[in-house]
Structure formats: structure tokens, C-alpha cells
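Visitor: I have a new structure open on my bench computer and would love a friendly tour. Could you walk me through it?

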Amino acid sequence: MKNIVIFGAPGCGKGTQSARIIDRFGLTHISTGELLRKEIADGTELGRIADSYISKGHLIPDHLMCEILAARIDSLLPTSKGFIFDGFPRTIAQAEELKKMLDARGQHIEAVVGLEVPDDELMVRLVERGKVSGRADDNPETIANRLQVYHNTTKPLRDYYVAEGIYRPINGSGSIDEIFENISNAIA
Ligand code: AMP
């Protein structure tokens with residue numbers, strides 16, 4: 001199995017590129033943001049808890065997020081050729097937990113593809129996306145919080161994965177096709 005993390009700030013193109021990676025490499029997509037939005041749409045208790053964090057641009061607590069992820073991995077593992085983790089991990093604690101989870105299942109992360117995009121471009125993209133996405137967290141105030149959370153809490157993971165020797169930086173500005181070709185080369 002080939003397990004990949006797609007990493008980067010909100011609006012860097014993780015979702016768009018994940019869809020292409022799935023098509024080309026046959027990986028199974030696990031997007032924690034999508035999982036949580038589905039719980040919210042279904043009106044579950046978990047969705048209610050998640051919404052109280054997401055609507056403010058805050059992260060869901062690590063223990064809860066890791067529990068949800070482990071359950072998802074277990075349900076998909078028997079039929080998967082490998083996972084693409086999108087939006088997870090977002091903290092060092094989550095990265096350590098992911099490593100343990102995968103170890104326990106005889107798996108590991110092969111590469112972390114980091115889509116690198118300057119902040120001013122992210123802001124423009126997210127505000128534009130907000131006009132069509134219907135996402136409650138794509139509004140200027142929540143976007144600013146999400147970018148701050150990214151810089152304070154998530155970006156340190158870049159160095160964590162550089163130290164592990166599996167970080168692959170990709171310039172996330174440019175055409176979707178061009179970025180995808182660079183990602184494909186990094187994965188292959
Ligand atoms: P995303 O779709 O990846 O941008 O995630 C949307 C929101 O879901 C984030 O701003 C967080 O509130 C929450 N979320 C998604 N993934 C995680 C995670 N790994 N840890 C904590 N919160 C998360």
C-alpha cells in the first residue's frame with residue numbers, strides 16, 4: 001500500500017489535487033474536513049460538537065479527531081490500495097498518533113506532499129471559494145482564524161516531516177495541471 005499525506009494551508013488546493021491523485025493512483029481519499037461536514041449535515045451529536053469548532057475556525061480536539069480517523073481507516077482498510085490523508089494531521093500530536101495507528105496496522109506514510117502557496121493568494125482563493133462553496137467557514141473572519149491556526153499549529157508539521165525525510169515541497173501556485181504533474185512525479 002502507498003499512503004500519502006497531502007499537506008498545506010486552507011485553500012492551497014488539497015481537495016482539488018486529491019481528486020486527481022485518486023484518479024491516477026487509485027488511492028482512497030480520507031478528508032477529515034469532509035467527514036466532519038457530513039456529520040454536521042446529518043445532524044449527528046458528533047456533527048453538533050464539530051460545528052462548534054469549525055464555525056469559529058478552530059481545530060477539533062486531537063483525541064476526538066484521532067478516534068474518528070482510526071474508525072475510518074479500519075472501515076476502509078480491507079478494500080484500499082492506499083490512503084491519501086487530506087486535512088490530517090494538523091498538529092504534531094495528530095502526526096504522532098497517525099504514525100502509531102498505521103504502525104499498528106502494518107502501514108506507514110510514504111510521502112507528505114506539501115502544497116506551498118503564499119498567504120495573500122490563499123486569502124483571495126478562499127474568499128472566492130466562499131462565494132460558491134456554501135461552506136460556513138469560508139467567510140473573511142473565519143478564514144483569518146484558520147490561517148492563523150495553520151501558521152501557529154499546523155505549519156510546524158512541515159519541519160517534523162522534513163526531519164522524517166518524507167516531505168516533498170510542491171509549488172502550489174500555477175495551473176492545476178502543472179501542479180498535478182509535479183505532485184505525480186513526487187509520488188511516483
Ligand atoms: P478542511 O476541510 O480540511 O479545511 O477542514 C475544515 C475544518 O474542519 C477545519 O478548519 C477544522 O475546524 C476541522 N478539521 C478538519 N480536519 C481537522 C483535523 N485534522 N484536526 C482538527 N480539526 C480538523
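**The sheet and what surrounds it**

Guide: Gladly! Strand S1 (residues 3-7) and strand S4 (residues 109-116) run parallel and are joined by five bridges. Please keep in mind that this is a predicted model.

Visitor: Which residue in S4 is the bridge partner of Asn3?

Guide: Begin with the two strands: S1 covers residues 3-7 and S4 covers residues 109-116. Asn3 has its bridge partner in S4, and that partner is Ile109.

Visitor: Which strands stand at the edges of the sheet?

Guide: The sheet is open, with five strands in the order S2-S3-S1-S4-S5 and parallel pairing. A strand at the edge has a single partner strand, so one side of it is left without a neighbour in the sheet. The strands placed this way are S2 (28-31) and S5 (167-171).

Visitor: How many degrees does the twist average from one strand to the next?

Guide: The strand order to follow is S2-S3-S1-S4-S5. Going from one strand to the next, the twist averages 20°.

Visitor: Which strands does H9 touch as it packs on the sheet?

Guide: The direction of H9 makes about 165° with that of S5. Packed on the sheet, H9 touches S1, S4 and S5.

**The nonpolar core**

Visitor: Which helix gives the largest share of the largest nonpolar core?

Guide: This core has 51 residues, and those with the most contacts inside it are Ile73, Phe85, Leu98 and Tyr161. In soluble globular proteins, nonpolar side chains tend to be buried together. The largest share of the core, eight residues, comes from helix H4 (residues 62-76).

Visitor: Which residues is Leu98 in contact with, leaving aside its neighbours within four places in sequence?

Guide: Leu98 is one of the residues with the most contacts inside the core. With those sequence neighbours left aside, its contacts are Val5, Leu69, Ile73, Phe85, Phe88, Pro89, Ile109 and Tyr161.

Visitor: How do the residues of the contact of H5 with H8 divide into nonpolar, polar and charged, and how many are there of each?

Guide: Helix H5 (residues 92-104) and helix H8 (residues 156-164) pack at an angle of about 40°, with axes 9 Å apart. On the H5 side are Ile92, Ala95, Glu96, Leu98 and Lys99, which meet Pro156, Leu157, Tyr160, Tyr161 and Glu164 of H8. These residues divide into seven nonpolar, no polar and three charged.

**Salt bridges**

Visitor: How many residues apart in sequence are the parts that Arg24 and Glu181 tie together?

Guide: The side chains of Arg24 and Glu181 meet in a salt bridge at 3.1 Å, N to O. Arg24 lies in helix H1 (residues 14-25) and Glu181 in helix H9 (residues 176-187), so the pair ties together parts that are apart in sequence by 157 residues.

Visitor: Is Asp137 buried or exposed?

Guide: The side chain of Asp137 meets that of Arg146 in a salt bridge at 3.7 Å, N to O. Buried means under 20% relative accessible area. Asp137 has a value of 7%, so Asp137 is buried.

Visitor: Which residues do salt bridges that share partners join into one network?

Guide: Arg146, the partner of Asp137, is buried at 10% relative accessible area. Through shared partners, salt bridges join both of them into one network, whose members are Arg129, Arg135, Asp137, Asp138 and Arg146.

Visitor: How many salt bridges does a search of the whole structure find?

Guide: One of them pairs Arg125 with Glu121 at 3.0 Å, four residues apart in helix H6 (residues 119-133). For the whole structure, the search finds 14.

Note on methods: Residues are numbered from 1 along each chain as its sequence is written. This is a predicted model: local features need pLDDT of at least 70, side-chain atom pairs count only at pLDDT 80 or more; totals for chains, interfaces and linings use all residues. Side-chain values use heavy atoms; hydrogens and water are left out. A salt bridge is a side-chain nitrogen of Lys or Arg within 4 Å of a carboxyl oxygen of Asp or Glu. Buried means under 20% relative accessible area, exposed over 50%, partly exposed in between (1.4 Å probe, protein chains only). A nonpolar core is a set of buried Ala, Val, Leu, Ile, Met, Phe, Trp, Tyr and Cys residues joined through side-chain atoms within 4.5 Å. Contact means heavy atoms within 4.5 Å. Axes are lines fitted to C-alpha atoms, for helices over the stretch in contact, and angles run from 0 to 180 degrees between N-to-C directions. Ala, Val, Leu, Ile, Met, Phe, Trp, Tyr, Cys and Pro count as nonpolar, Asp, Glu, Lys and Arg as charged, and the others, Gly among them, as polar. Two strands pair if DSSP finds at least two bridges between them.
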